[in-house]
There are 2 protein chains.
Amino acid sequence: MTKMVAATNKMTGAEIRALCRSSDFDNQTSGLAPGFVQCNVVILPADAATHFETFCRLNPRPCPLLASSAEPGAYQLPALGSDIDIRTDLPRYRVWKNGQVVEQPNEITQLWQDDWVAFALGCSFSFEEALTQAGIDIRNISEGVNVPMYRTHIDCSPAGPFEGKMVVSMRPMPAAEAIEAIQICARYPSVHGAPIHLGNPGLIGIDDLQRPDFGDPVSLREDDIPLFWACGVTPQVALEAARLPLAITHEPGHMLVTDLKNSELVSHS
Amino acid sequence: MTKMVAATNKMTGAEIRALCRSSDFDNQTSGLAPGFVQCNVVILPADAATHFETFCRLNPRPCPLLASSAEPGAYQLPALGSDIDIRTDLPRYRVWKNGQVVEQPNEITQLWQDDWVAFALGCSFSFEEALTQAGIDIRNISEGVNVPMYRTHIDCSPAGPFEGKMVVSMRPMPAAEAIEAIQICARYPSVHGAPIHLGNPGLIGIDDLQRPDFGDPVSLREDDIPLFWACGVTPQVALEAARLPLAITHEPGHMLVTDLKNSELVSHS
């Protein structure tokens, strides 16, 4: 059952995490703690973790690795926030057994094992904020729904048991805004970067934009160009394929809110 | 009559200009002096020059001003090359009377007047070189034709007698290359910058890509996206509209080759 949302969008990352830790908040984090980086989370036993880290390095667009446990068993992520305890600081988790979600608890302290490694991956919330600040309308935000996501026919580079097709998120916008959005997102390589495709969805294996594989459909206008970004759901699809005995992720939309600022992610290269 | 081409593509900007000056070269400059910035040129009497400079400032995408005469009558452009004499250093000129081209000489020393002002504007050759270096196929180059250019329905901001629709050049490419091309060209604001449109040509008033208003058609493949850049022909259309008693431009494709390097145009902002 979803608890009362005690969080407001004026809070900092540390304040949201404190609410998660005391179990006073277990809801979606979209729009909360504006300016602060939010992360996808994957937690794996050490043997699988090595392969997963390679998978991220081979597929940096869908899996932009921001931080990981300093050593197996370390549930802190000091690079993202001095007090982070990855066992309690997410609003909601997914427990995976043999590639299937079996439970969605709001903390995993009892499950945590000495050889587990936590990974935090960049999330599109960061670039959505940058686009909104540039005056670009993000359709899923203005329509109040989850971003539509699709399985493509693009293969990720495999690593150990991790493999699968790339998942993309789609945001439609007029051409002039699409050109601006590409320039803005290119400055954020650690949160998926520039789109990987635009225009004809069929060219990347998407049959029908109105039937996303994840999230919700959004309306397309006559002068819209659909833009497709590599998506942080890709590692969860790879996790399905890996069929590990046990693994943990965040519940989609229920992200780790960090102390890092989105503005710190801008690449000046 | 076109003279024998004495220029080779190993020459510098200064060497090409020297050949122009001695009337040993009067051909197109595309592909010559690789790495060196080439410019569109407009030469006007002082009274019209003030309005034209305003027109460039108001319409920087089609009219990116790189340099102009330090004072009326100055035929040097030291910012672009220490020895430039704008009266002799282009391979071929256009003489305009009342908005019409009446002559295409290879020097204008006899015509030059004490109150004339020369303007040098950025040219797409610079970003085409950057795209080619990134491994992107430029269709007009690979097909050995002039880039196709189109009159749009986009109004330029008028200044004095100068006004008219924006002219765009079009380069088709697959989506992934289009996304990369946008990022590359955005770093070259002084040579038209990022495209101003992509996708549906009808949205900017172009009926048929196979019937360009200037230049030649290029082939479009099924997975191509057409990209449209603001084009340096725009000021010549504005010059037609202005119907000045006398004005000079370069002959299209017959550019001023400067000592500036394309790499120096990269914006780090």
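Modeller: Before we start, a definition: two residues are in contact if their C-beta atoms, placed from the backbone, lie within 7 Å. And bear in mind that this is a predicted model.

Colleague: Fine. Of the contacts in chain A with a separation of 6 or more, what percentage is accounted for by residues 24 or more positions apart?

Modeller: Take the contacts in chain A whose partners have a separation of 6 or more. Then pick out those between residues 24 or more positions apart, and their share comes to 76%.

Colleague: How many helices and strands does chain A have, and what is its radius of gyration?

Modeller: The secondary structure of chain A comes to six helices and 11 strands. Its C-alpha atoms fill a box of roughly 55 × 40 × 40 Å along the principal axes, and buried residues make up 49% of the 269 residues. The globule rule gives 18 Å for that length, and chain A comes close to it, so it is as compact as a globular protein of 269 residues: its radius of gyration is 18 Å.

Colleague: On to the sheet with β8 in chain A. Which strands are at its edges?

Modeller: That open sheet has four strands in the order β6-β7-β9-β8, with antiparallel pairing. An edge strand here pairs on one side only, and that description fits β6 (149-155) and β8 (197-198) of chain A.

Colleague: Which residue stands opposite A:His197?

Modeller: β8(A) is joined to β9 (residues 224-230) of chain A by two bridges, and the two strands run antiparallel. Look across from A:His197 into β9(A), and the residue standing opposite is A:Phe228.

Colleague: Which helix lies across β7, β8 and β9 of chain A?

Modeller: The helix in question runs at about 130° to β7(A), which spans 165-174. It covers residues 175-186 of chain A, and it is α5.

Colleague: Now the interface. Which element gives the largest share of the side of chain A that touches chain B?

Modeller: In total, 16 residues of chain A are in contact with 16 residues of chain B. On the chain A side, α5 and β8 each supply at least two residues. The largest share, seven residues, comes from α5(A).

Colleague: And how many residues on that side are nonpolar?

Modeller: Three residues of the side of chain A that touches chain B are polar and one is charged. The nonpolar ones number 12.

Colleague: What kind of axis relates the two chains?

Modeller: Superposing chain A on chain B takes a rotation of 180° with 0.0 Å of shift along the axis, at an RMSD of 0.0 Å. That is the relation of a two-fold axis.

Colleague: Which residue of chain A has its C-alpha nearest the axis? And what percentage of the interface residues of chain A are also interface residues in chain B?

Modeller: The C-alpha of chain A nearest the axis lies 2.8 Å from it and belongs to A:Gln183. As for the interface, the copies meet through the same surface, because the shared portion is 100%.

Colleague: Let's switch to chain B. How many residues of β5 are buried?

Modeller: Strand β5 of chain B takes in residues 116-122, and it is largely enclosed by the rest of the structure. Strand β1 (residues 36-45) of chain B is joined to β5(B) by seven bridges, and β2 (residues 65-68) of chain B by three; each of these pairs runs antiparallel. Of the seven residues in β5(B), the number buried is seven.

Colleague: Which residues of β5(B) face B:Ile43 and B:Ala67 across the bridges?

Modeller: B:Ile43 stands opposite B:Ala118 in β5(B). For B:Ala67, the bridge partner in β5(B) is B:Ala120.

Colleague: Is B:His51 buried or partly exposed?

Modeller: B:His51 is found in helix α2 (residues 46-58) of chain B. Outside its neighbours within four places in sequence, it is in contact with B:Ala159, B:Gly160, B:Pro161 and B:Phe162. A residue needs 20 or more other C-beta atoms within 10 Å to be buried. B:His51 has 18, so it counts as partly exposed.

Colleague: Last one: is A:Asn9 buried or exposed?

Modeller: A:Asn9 lies in the segment before α1 (13-21) of chain A. Leaving aside neighbours within four places, A:Asn9 is in contact with A:Gly31, A:Leu32 and A:Pro34. The cut-off for exposure is 12 or fewer C-beta neighbours. A:Asn9 has 10 inside 10 Å, so it counts as exposed.

Note on methods
Residues numbered from 1 in each chain as written. Chains lettered and ligands numbered in written order. Predicted model: local features only at pLDDT ≥ 70, side-chain atom pairs only at ≥ 80, totals over all residues. Pairing = 2+ DSSP bridges. Axes fitted to C-alpha atoms, helices over the stretch in contact; angles between N-to-C directions. Nonpolar A, V, L, I, M, F, W, Y, C, P; charged D, E, K, R; others polar. Rg over C-alpha atoms; globule rule 2.2 N^0.38 Å. Least-squares fit on C-alpha atoms with pLDDT ≥ 70 in both.
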